[in-house]
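Student: I'd like to go through this structure and ask how each label is earned. Can we take it piece by piece?

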Amino acid sequence: MRLVMLALIATGLVAQALAGEPAEVSERARKIHDAGLLFDGHNDLPYRLRKAGDMAFSKIDISKRLSDGHTDIPRLREGGVKAQFWSVYVPSEQKNPARTVTEQIDLVYRMIEKYPDVFELAISADDVERIAKAGKIASLIGIEGGVAIENDLAQLRAFATLGARYMTLTHNDNLDWADAATDAPAHDGLTPFGERVVKEMNRLGMLVDISHVSPATMADALRVSKAPVIASHSNAYAIAAHVRNVPDNILKGVKQNGGVVMINFSSGFVHPGLAKTIMTARKELRATHPDAESFGKAMEAWYKEHKELPHGTISDVADHIDHIKNLIGIDHIGLGADYDGVTSLPVGLDDVSTYPRLTDELLRRGYSESDIHKILGGNVLRAFRKAGEIAKTLQKTTAPEVDQPAKEVDKH
Ligand SMILES: [Zn+2]
């Protein structure tokens, strides 16, 4: 009888797996997950709202469970999200990037205003802990794409004053002062101005984010930064050879720097075979479409033609975590799932409600409760706190980076 029951249970699990539905989260995993402080590094809800044309939260009510997208309040609660870096993203080719980013920051402020019982702005590590303790979601602002500062350190400071606490140095394309991973190398990393941007970010307590940048830019950022850096949504290149994932030699630098690589859930960056397929397509299309705009369109068309690409799995995501842990230790791993910023997610990690499933997988792989708590948010909180402390010291000892206008100042 027992054997029959076991067989039935096993069959049920197989059926569940075949249907692509992961098993339910164990009670132990749920408990451990809820006892931690899940602090995710990258969520693109603000850009999704912008694209939907709902900058005023008049059409989309995120207090209700939505049938589309990856993020809303009920699902954030189910996923146990306690702190979130909301991405205020700007495409590289955007006209008026500083204004666009300001609008996206404004949108985050108005989200907090509209749902004051759920969200509260956090600008320090102490804020994060206090807000999470009060049962709210600590809401931080992360700028994705250094194009936002329009080559102007005063603009960088203005964003810091508005509460921005990280900046991804580039998005997909090179800037005047930094190379991106997905563009042809132009500066061999950071230019002297790019180095000044990093120094000023240190002084402002803004985390330097090395997601999306080329390995040479990553290395330069690690060399110049006095504070821990983060990769707000990146994976291990050794596991999935996508050019925007972090190579092993850089991971070793992240360890020395005290930084954190926060794992992206996007199928194309976690699944080894898919990453390879995408990189091959990129190379071929790059050769025939040398300019950025036509290449972008060709890649978009490629994705449309290749609808049957495989999805990653929870196990793929955990493989990236295992690799980083084995190479540089448990203290340098976080999560930056990139919800609402990606189209294909691993089976079972479909939206922000699903993080506990990853906790369950890590438990099955032998991670301890304290290991899991570090991955969920402890590590990034440590790096963020340290960056804040270093900023306080630098503000006392270092003058701000100021440029004189290139031309004669306007006379009134
Ligand atoms: Zn991104």
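**Labels and what backs them**

Tutor: Start with the N-terminal stretch: over residues 1–20 the pLDDT, which is the predictor's confidence in each residue from 0 to 100, stays under 50. For those residues the model has 4 contacts beyond four places in sequence, a contact being two residues whose C-beta atoms, placed from the backbone, lie within 7 Å. Where pLDDT is low, the predicted coordinates should not be read in detail.

Student: What is the average pLDDT of the chain?

Tutor: The chain averages 92, and 92% of the residues score at least 70. Bear in mind that this is a predicted model, with local features needing pLDDT of at least 70 and side-chain atom pairs counting only at pLDDT 80 or more, while totals for chains, interfaces and linings use all residues. Residue numbers run from 1 along each chain as its sequence is written.

Student: Okay, Ser87. Why is Ser87 called buried?

Tutor: Count C-beta atoms, placed from the backbone: 20 or more others within 10 Å means buried, 12 or fewer means exposed, and anything in between is partly exposed. Ser87 has 29 others within 10 Å, so Ser87 is buried. Ser87 lies in strand E2 (residues 81–89); helices (H or I, at least four residues) and strands (E, at least two) are DSSP runs, numbered from the N terminus.

Student: Which residues is Ser87 in contact with, leaving aside its neighbours within four places in sequence?

Tutor: Among them are His42, Asn43, Asp44, Tyr47 and Glu144. Take Glu144: it is 57 residues from Ser87 in sequence, yet 6.2 Å away in space, C-alpha to C-alpha.

Student: And what makes Ala154 exposed?

Tutor: Ala154 has 12 other C-beta atoms within 10 Å, so Ala154 is exposed. You'll find Ala154 in helix H7 (residues 153–161). Across 247 residues of sequence, Ala154 and Glu401 are 8.6 Å apart, C-alpha to C-alpha.

Student: What about Glu150: why is Glu150 only "partly exposed"?

Tutor: Its count is 15 other C-beta atoms within 10 Å, so Glu150 is partly exposed. Glu150 sits in the loop between strand E4 (137–144) and H7, and has a positive phi near 50° in a residue other than glycine.

Student: Where is Asp188, and is it buried or exposed?

Tutor: Asp188 is in the loop between strand E5 (164–168) and helix H8 (192–204). With 12 other C-beta atoms within 10 Å, Asp188 is exposed. Its phi is positive too, about 55°, although Asp188 is not a glycine.

Student: On to helices. How do you know that the buried residues of H2 are on the same side?

Tutor: In H2 (residues 27–35) the buried ones are Ala29, Ile32 and His33. They cover an arc of only 100° around the axis, which puts them on the same side of H2; the arc is that of the directions from the helix axis to the C-beta atoms. An α-helix has 3.6 residues a turn, so residues three or four places apart point the same way. Turned away from the buried side are the exposed Glu27, Lys31, Asp34 and Ala35. What the buried residues of H2 pack against is helix H15 (355–364) and helix H16 (369–397).

Student: What makes H9 roughly parallel to H10?

Tutor: H9 (residues 215–224) and H10 (residues 248–257) pack at about 20°, with axes 10 Å apart. That angle makes H9 roughly parallel to H10, given that under 35 degrees counts as roughly parallel, over 145 as roughly antiparallel, 65 to 115 as roughly perpendicular and the rest as oblique. Axes here are lines fitted to C-alpha atoms, for helices over the stretch in contact, and angles run from 0 to 180 degrees between N-to-C directions. Pro215, Met218, Ala219 and Leu222 of H9 make the contact with Ile250, Gly253 and Asn257 of H10.

Student: Then why is H12 called oblique to H13?

Tutor: The axes of H12 (residues 272–288) and H13 (residues 292–305) come within 10 Å and cross at roughly 140°. That makes H12 oblique to H13. Ala281, Arg282, Leu285 and Arg286 in H12 meet Phe295, Ala298, Met299 and Trp302 in H13.

Student: Last one: which residue follows H10?

Tutor: Gly258, with a positive phi near 80°.
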